[in-house]
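Work through the exercises below with the sequence and the model open. Try each task before you read its solution.

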Amino acid sequence: MELFLNIAKNLFIVSLIFGAYFLFQRIKERKKPEEIFEGNQKVQEEQSPHEIVAPVQYYALNTHSVKYHQYDCFEWCNTRNIYQNVTLERLWLKEPFHTAFAKLLLLLDSNELWIKVPNSKELTLRQRDQDEKLCYGISLKVVYLTSLLADLLERVLEMFKYQEASVQQFVILGVTVKLIGISKIIETVTIDTELDERDLILWLFETMHEDEQQNLEKYFDYIADNKIIENILKDQLRNRSGFKHLIELKIDKDETLKEPLVLPNLPKKRLLPLVATEKLFY
Amino acid sequence: MLDERATKCVIGDIEIKRLQTVRNKKVTIIRGKEVDTNPNKSYLRTLMVMIGNELVASNYADSVLLYCELKLYDKGNEQNHFFAIEHKNKVCNLRLKQTFSKQNIYISKAEAEAFCNMFREAKSGVSMVRMLDEEFIPTLEELASLLDDE
């Protein structure tokens, strides 16, 4: 009996010790969330943001990047950026839109078009030559079209965000055509020359597919009635000061020849990979 | 040809200042002034006349011609270069000939005398030596940058 009692005593003591041990661990776990915050601050200092990188996926035969048929004929960087940000990011490479938009951009690229800043004075200046002939000149404040178009087209596309891609393409073509009609050329002599919008619109109708011509008419009228372009133009021109530009007129008007603008011929497309787009930070 | 200067001149720091004479028709005199620090003297370099948004006279000689035509109000001729005489209801008026503006600009008798008085006072406090010898005739591009208000 005494042995049995001793064994029971020892077991009771041992069970008490283990019970206290398990209780003590549970109390620790309740205190842990406070300790966890102190512990995580040390962990964040160790991990730098550069080390957290998504794992690179290597596909089979990933030697060359994907290539697309593009036009590589633009000289200035502004038109190149518009072409990349509008067509290549969204991959609008189908035929009637791609060539039409590229031709309009080439027209902007080869000629310098400008829009007059509102509330700017037109000063007419006169000077005498060595032969005592009078020469006239007009100075204006002027903004170039290529620098405007990049911001303008992004804002127009935000308005038509939730509509189909075909609708967005019509809107972009209509906006560029109307802006080209408003703007004026630098190399001509008189100020009254303007480009004919009708010729450009007729050319657009001929290039587009027959099924899409009806939709074109709707959206041209929608743009013309709502005065979307004029309101967006005013907001853009309000923040820009513009450059001072001089137009030299001549006295003998018989010497001047008004050469009309002609849509240029595009070269052939080339297979090229996509280049990283340069986003403008106006 | 227009980019070259008509006369060789020495250019310092020339400032352009405006004098408004006839405010109803926006007739202004433009003075180009140069300041020397050694003898502390100021010299005139250009005198120009501007009506509205147009530069009518860009030389000293042309501005003197304009001054003389306004001085002889009624006694002028058909050979006036800047103004044309018109009679209407026994009243004589001068009209600007060569303008790009669509409205005609007329100048009355009292306004012509006011312009003449201001023209004489525009030469005060300043020496005319350097204008007569070395006049500053700017090119059209320099004019456009100098007359930039904004």
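## Exercise 1: one residue and its neighbours

A:Tyr68 touches A:Leu91, A:Leu93, A:Arg270, A:Leu271, A:Leu272 and A:Leu274, leaving aside residues up to four places away in sequence. Contact here means heavy atoms within 4.5 Å.

The model is predicted: local features need pLDDT of at least 70, side-chain atom pairs count only at pLDDT 80 or more, and totals for chains, interfaces and linings use all residues. Residues are numbered from 1 along each chain as its sequence is written, chains are lettered from A and ligands numbered from 1 in the order in which they are written, and side-chain values use heavy atoms, with hydrogens and water left out.

**Task.** Place A:Tyr68 in its element, and state its exposure class.

**Solution.**
- Step 1. Find the element. A:Tyr68 sits in strand S1 (residues 67–70) of chain A. Helices (H or I, at least four residues) and strands (E, at least two) are DSSP runs, numbered from the N terminus.
- Step 2. Take the accessibility. A:Tyr68 has 23% relative accessibility, so it counts as partly exposed. The classes are buried (under 20% relative accessible area), exposed (over 50%) and partly exposed in between, with a 1.4 Å probe and protein chains only.
- Step 3. Check one pair. A:Tyr68 and A:Leu91 are 23 residues apart along the chain, and their C-alpha atoms are separated by 9.3 Å.

## Exercise 2: two chains

**Task.** Describe chain A and chain B by elements, burial and contact range.

**Solution.**
- Step 1. Count elements. Chain A has eight helices and seven strands. Chain B has four helices and seven strands.
- Step 2. Write the order for chain B. From the N terminus on, its elements run β-β-β-β-α-β-β-β-α-α-α.
- Step 3. Read burial. In chain A, 34% of the 282 residues are buried. In chain B, buried residues make up 42% of 150.
- Step 4. Read contact range. Take contacts between residues at least 6 apart in sequence. In chain A, 78% of these join residues at least 24 apart. In chain B, the share is 49%.

## Exercise 3: helix lengths

**Task.** Compare the span of H5(A) with the span expected at 1.5 Å a residue. Then do H3(A).

**Solution.**
- Step 1. Set the rule. The expected span is 1.5 Å times one less than the number of residues.
- Step 2. Apply it to H5(A). This helix (residues 165–182) has 18 residues and should span 26 Å; its end C-alpha atoms are 26 Å apart, which agrees.
- Step 3. Apply it to H3(A). With 16 residues, H3(A) reaches 23 Å from its first C-alpha to its last, close to the 22 Å expected.
- Step 4. Add burial. H5(A) is mostly covered, with 14 of its 18 residues buried. A:Ile180 lies in H5 of chain A and counts as buried because its relative accessibility is 1%. The C-alpha atoms of A:Ile180 and A:Ile115 are separated by 9.5 Å, at 65 residues apart along the chain. The buried residues of H3(A) include A:Phe97, A:Phe101, A:Leu105 and A:Asp109.

## Exercise 4: a helix pair in chain A

**Task.** How do H2(A) and H3(A) pack?

**Solution.**
- Step 1. Get the geometry. H2 (residues 77–88) and H3 (residues 95–110) of chain A pack at about 160°, with axes 10 Å apart. Axes are lines fitted to C-alpha atoms, for helices over the stretch in contact, and angles run from 0 to 180 degrees between N-to-C directions.
- Step 2. Classify. H2(A) is therefore roughly antiparallel to H3(A). The cut-offs are under 35 degrees for roughly parallel, over 145 for roughly antiparallel, 65 to 115 for roughly perpendicular, and oblique for the rest.
- Step 3. List the contact. A:Thr79, A:Ile82, A:Tyr83, A:Val86 and A:Thr87 of H2(A) meet A:Phe97, A:His98, A:Phe101, A:Leu105 and A:Asp109 of H3(A).

## Exercise 5: a helix pair in chain B

**Task.** Is the packing of H1(B) and H2(B) parallel, antiparallel, perpendicular or oblique?

**Solution.**
- Step 1. H1 (residues 60–71) and H2 (residues 109–121) of chain B pack at about 140°, with their axes 9 Å apart.
- Step 2. H1(B) and H2(B) are therefore oblique to each other.
- Step 3. Residues in the contact include B:Leu66 and B:Leu70 of H1(B) and B:Phe115 and B:Phe119 of H2(B).
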